[in-house]
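Colleague: Before I rely on the terms used for this model, I should like to hear the reasoning behind them. May we go through them one at a time?

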Amino acid sequence: MVSTIQNTDVKQKDADLAVVVAVTTRAVFESADDDGGDVYGVGVAFPLLQALHKVNERLLEESPAESLLFDVILITTDDEQQQQCSRITGSTRHYGLEVSRFCFSSQEDFTESLLKNNVQLFLTTDRNEALRASQNGVLSALLDQQLASCPSEQLRVMISGDAVLRPDTDPVPAGQKGAQSFSTQLGQMRQKFGIFNSPLSIVLVTLHGGRESCGDALRTLRSRGVSVDEAHCLAGAPRGPILSVLRSHFLLCDVVSCLEE
Amino acid sequence: MVKMSLDPVQVMSGQVKELKVAPSSNGESRGSWEAKEEFDQDHLGLTTKPKPVTGRRARKVEGGVFFPKPENAVTVAVSSRVLFRTEREQKVFEQKGVEEYLRYQIEHETEPFAPGPAFPFVKALEAVNTRLRELYPQSEELFDIVLVTYNHAHVGIRLINTINHHNLFIERFCMTGGSSPIGYLKAWHTNLYLSADADKVREALAEGIAAATMFMPEKLTEVSETQLRVAFDGDAVLFSDESERIFKAHGLDKFFEHERDNEDILLDHGPLKGFLEALGKLQKKFYAKGQRLDCPIRTYLVTARSAASSGIRALKTLRAWGLEIDEALFLAGAPKGPMLEKIRPHIYFDDQMFHVEGAAEMGTVAAHVPYGIAQKYTKQKTSVGK
């Protein structure tokens, strides 16, 4: 059974115009050294939420009536978390997180919850959850432990250059349309800020391909209105060292295979 | 000023007599510098058939390692301002700001940049790679060139178009969009970083990465397209600046005395020692296939030290480090420009702007290594040699 609760502490966004991002409670709150208290510890996705909040703040500064904002919802994806209703809402209030809604669902029905809430991006630390959501047509990205040390004043989104689908390729599968429209919206948000001092940075990373792939990706993204800030072309170099310098919050990818890597 | 009686002496590696090496060597001690033993007759020819290179440029080498792992390759990171000529664009940036600069770049996206000071060097690296791939098709021990730039990715398309236009073999980039490139240099296992920005170069040196600032000379003498030639100054480039400190503080006589007294004590290493070492490793791969005489890499030491005295310590040190240098030129204070003009290196590394400028005046691409005591004396232009 799925239930959705609004967070009355936070002003609700216009759900049709905002970019709905769902993050699992497991990623946001740390339950490992659980002492059973009222408030959870801080999880790996904290800097991410703060960065999303920062983008909203700056967007509203530029234009107080702005409706293209991030609409963040927290979602539980298993029975255990589903039971922790008051602790989750309590912790959210305690930390003053800009979360507009809570979705309490279980393992079986969380994808239903994602679809019902028009989630445009689902973020989780669990690869299986990401794959399941993706298979159900929801754009998903995997969060990893490195996220805890990512910046909180700037949202850094990595786009995979190897998987940017060219305009002339076969029709995009429904599930992946999400990636294109999400990146387009990111592009629109990015345009509201100047070159320097932007709260949002779009980073293109070509892991396998060389300059041809990189050039194609830059051109394709530009045609979607997405201006890329940084571009890294690895052409097969081991990604670890470079990604750890990059410190991006998550990777956006047009194809499901990214999640399987 | 002490006038040296010796003319610049060219010392071929084969002619230096057996030198004593101090017990406190900090490098591997090798045999004498006399001629190497006879080639192993069995390995004079190639042991593997070279892979055929088809078309404009073989993009995929079948079965071969195409993109080497950075830690296995000799990684050279070049900035866009030294690989290409971007003076006009720089002016737009300085005078009109970043937004106008990026607009200008995008407007001129299909116009390739002209070659910059590092261009011939990079072309020569590619020539060496071609020869290495012929001899060792599976090996990752190659030069790997990474374009590392402060630029925003907006400029990326123009850079890629330019690389295509000049038929360069650069597949790896790092466009940091304004963030410091230093962290990425480490992540790329950079062996040498070339930039137009002295501050970045200093930062890199501080992190232990060989780096130098490059400038565009007024005229450019023609350099070889088939043999990579790299020339190094000695003190504060290959070696530490310890001797230079003595010279700057106490003068020439004290310097000579110090060098004589410490002849058997090895000099400490300088920022470019590692790069010379990397070049030496690649050279040995050619020697192993019987290509010593035809080696597409040649290295030079061009130092103000003099052969009969202070130069000895330099040679002993190199030898103790197990580093061969093809030609050592001891100028005993004579200007370096004319000698470099004869050598025609693709790049010459020196810690003193005075020499860098002197070399550039005669058409040599010289790169400044902002390391050591000489940086405190940049205002003074002295002609006193060592």
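**Reasoning behind the terms**

Modeller: In this predicted model, L200(A), I202(A), L204(A) and T206(A) point one way from strand β10(A), while S201(A), V203(A) and V205(A) point the other way, and all are buried.

Colleague: What makes β10(A) largely enclosed by the rest of the structure?

Modeller: A residue counts as buried under 20% relative accessible area. In β10(A), residues 200–206 of chain A, 7 of the 7 residues are buried, so the strand is largely enclosed.

Colleague: How do you know that β10(A) pairs with strand β9 of chain A, and in which sense?

Modeller: Pairing requires at least two bridges. Between β9(A), residues 155–160, and β10(A) there are 6 bridges, in the parallel sense; V157(A) stands opposite I202(A).

Colleague: What makes β10(A) and β11(A) a pair?

Modeller: The requirement of at least two bridges is met here by 4 bridges, again parallel. V203(A) has E230(A) of β11(A) as its bridge partner. From β10(A) the chain passes through helix α8(A), residues 211–223, to β11(A) in a right-handed β-α-β crossover.

Colleague: Why is N118(A) called exposed?

Modeller: Exposed means over 50% relative accessible area. N118(A) has 53%, and therefore counts as exposed. This residue is in the loop between α5 and β7 of chain A, and its phi is positive, near 55 degrees.

Colleague: Why is R344(B) called partly exposed?

Modeller: Partly exposed covers the range between the 20% and 50% cut-offs. R344(B) has 30%, so the term applies. R344(B) lies in the loop between α13 and β12 of chain B, with a positive phi near 60 degrees.

Conventions. Residues are numbered from 1 along each chain as its sequence is written. Chains are lettered from A and ligands numbered from 1 in the order in which they are written. This is a predicted model: local features need pLDDT of at least 70, side-chain atom pairs count only at pLDDT 80 or more; totals for chains, interfaces and linings use all residues. Side-chain values use heavy atoms; hydrogens and water are left out. Buried means under 20% relative accessible area, exposed over 50%, partly exposed in between (1.4 Å probe, protein chains only). Helices (H or I, at least four residues) and strands (E, at least two) are DSSP runs, numbered from the N terminus. A crossover is right-handed if, with the strands pointing away from the viewer, the path from the first strand over the helix to the second runs clockwise.
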